[in-house]
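Colleague: Could you give me a close look at one part of this model, the spot you would pick on its surface, and then work outward from there? I would enjoy one connected walk through it.

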Amino acid sequence: MVVPVDPTLTDAELHRRLVYGDETALAEVYAVYGGLVRRVAVRVTRSPAAAEDVAQEVFAQLWSRPYAFDARRGSLRTWLSMLAHRRAVDWVRSEARHRKDARADDSALHAIADTGPGPDETVVDRERSLLLHTALAELPQPQREVVHLAYFAGRTYRQAAVELGIPEGTAKTRLRSALRKLAESLADPPDPALERGA
């Protein structure tokens with residue numbers, strides 16, 4: 001709906017009507033200065049959509065706080081232009097902050113190390129675990145007992161000797177022998193291609 005504007009209206013008269021809550025005065029101000037406010041906002045924001053938002057904020061402020069305008073200090077045109085410029089600058093700063101925060105969030109997400117094993121690592125870990133259990137099962141019972149106490153129950157070889165009722169030297173020897181056998185069992189088998197000299 002096009003609002004008819006009285007060309008003889010002064011800023012002071014429009015302001016007086018706004019102060020008294022006259023909605024038609026707001027419509028008239030918008031009809032006269034809406035285009036100007038949007039142009040100022042577009043020049044700053046480079047975004048027609050943002051300029052529309054800025055214009056709404058400017059006229060909402062004029063409606064909710066008409067006392068903020070002082071006709072003795074300048075024209076309504078100048079005041080609305082200044083207000084549009086300020087709001088548009090605020091919008092640009094806010095957008096820049098959002099972009100910076102989004103980049104920081106993205107950087108933080110990329111910086112978080114994925115501590116969980118990937119599918120390949122999980123398969124390799126399972127294979128190693130299976131090999132270890134198989135190698136442990138092949139150890140003689142006395143050596144297996146010492147390894148279990150030392151590595152799975154967290155005992156020292158001295159504590160293991162006490163629990164098993166054997167001399168410390170015997171526990172130490174069994175542990176060394178067991179570790180040597182485990183190392184041999186778990187060593188990577190030679191690559192047949194390397195053995196053939198391929």
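Modeller: Happy to. Let's start with Phe 152, which counts as partly exposed because its relative accessibility is 48%, a value between the 20% and 50% limits that mark buried and exposed. Please keep in mind that this is a predicted model. Phe 152 belongs to helix H6, which covers residues 141–152. Together with Tyr 151 and Leu 179, Phe 152 makes a nonpolar surface patch of about 310 Å². If you leave aside residues up to four places away in sequence, Phe 152 touches Leu 132, Leu 136 and Val 147.

Now for the setting of that helix. The protein chain has nine helices and zero strands, so read from the N terminus the elements run α-α-α-α-α-α-α-α-α. Of its 198 residues, 25% are buried. The chain exposes about 13,900 Å², and carbon and sulfur atoms supply 55% of that area. As for contacts with a separation of 6 or more, 60% of them join residues that are 24 or more positions apart.

Let me take you next to helix H1, residues 11–19, where the buried residues are Asp 11, Leu 14, His 15, Arg 17 and Leu 18. Looking down the axis of H1, you find these buried residues within an arc of 165 degrees, which means they line one face of the helix. Just after H1 comes Gly 21, with a positive phi of about 80 degrees.

Arg 17 deserves a longer stop. Arg 17 counts as buried because its relative accessibility is 12%. Arg 17 and Asp 22 form a salt bridge whose closest N and O atoms are 2.9 Å apart. Asp 22 itself is partly exposed, with a relative accessible area of 25%. Arg 17 also meets Glu 28 in a salt bridge, at 3.1 Å from N to O. That second pair links distant parts of the chain, with Arg 17 in helix H1 and Glu 28 in helix H2, eleven residues apart. Glu 28 counts as buried too, since its relative accessibility is 10%. Arg 17, Asp 22 and Glu 28 are thus linked in a network of salt bridges.

The structure holds eight salt bridges, and another one of them joins Arg 72 and Asp 70, again with 3.1 Å from N to O. In this pair, Arg 72 counts as exposed at 76% relative accessibility, while Asp 70 counts as partly exposed at 23%.

Finally, a word on the rings. A pair of aromatic rings is described by the distance of the centres and the angle of the planes. With ring centres required to lie within 6.5 Å, the count comes to two aromatic pairs. One of them is Tyr 30 with Phe 59: the centres are 4.9 Å apart and the planes stand at 70 degrees, so the pair is edge-to-face. Because Tyr 30 lies in helix H2 (residues 23–45) and Phe 59 in helix H3 (residues 48–64), the pair ties together parts that are 29 residues apart in sequence. Tyr 30 counts as partly exposed, at 35% relative accessibility, whereas Phe 59 counts as buried, at 6%.

Conventions
Residues are numbered from 1 along each chain as its sequence is written. This is a predicted model: local features need pLDDT of at least 70, side-chain atom pairs count only at pLDDT 80 or more; totals for chains, interfaces and linings use all residues. Side-chain values use heavy atoms; hydrogens and water are left out. Patches are made of residues with over 30% relative accessible area and no salt bridge: like charges are joined within 9 Å, nonpolar side chains (Val, Leu, Ile, Met, Phe, Trp, Tyr) within 5 Å. Accessible areas come from the Shrake-Rupley method with a 1.4 Å probe; for residues, only the protein chains shown count as cover. A salt bridge is a side-chain nitrogen of Lys or Arg within 4 Å of a carboxyl oxygen of Asp or Glu. Helices (H or I, at least four residues) and strands (E, at least two) are DSSP runs, numbered from the N terminus. Buried means under 20% relative accessible area, exposed over 50%, partly exposed in between (1.4 Å probe, protein chains only). The arc is that of the directions from the helix axis to the C-beta atoms. Rings of Phe, Tyr and Trp (its six-membered ring) pair if their centres lie within 6.5 Å; planes under 30 degrees apart count as stacked, over 60 as edge-to-face and the rest as tilted. Contact means heavy atoms within 4.5 Å.
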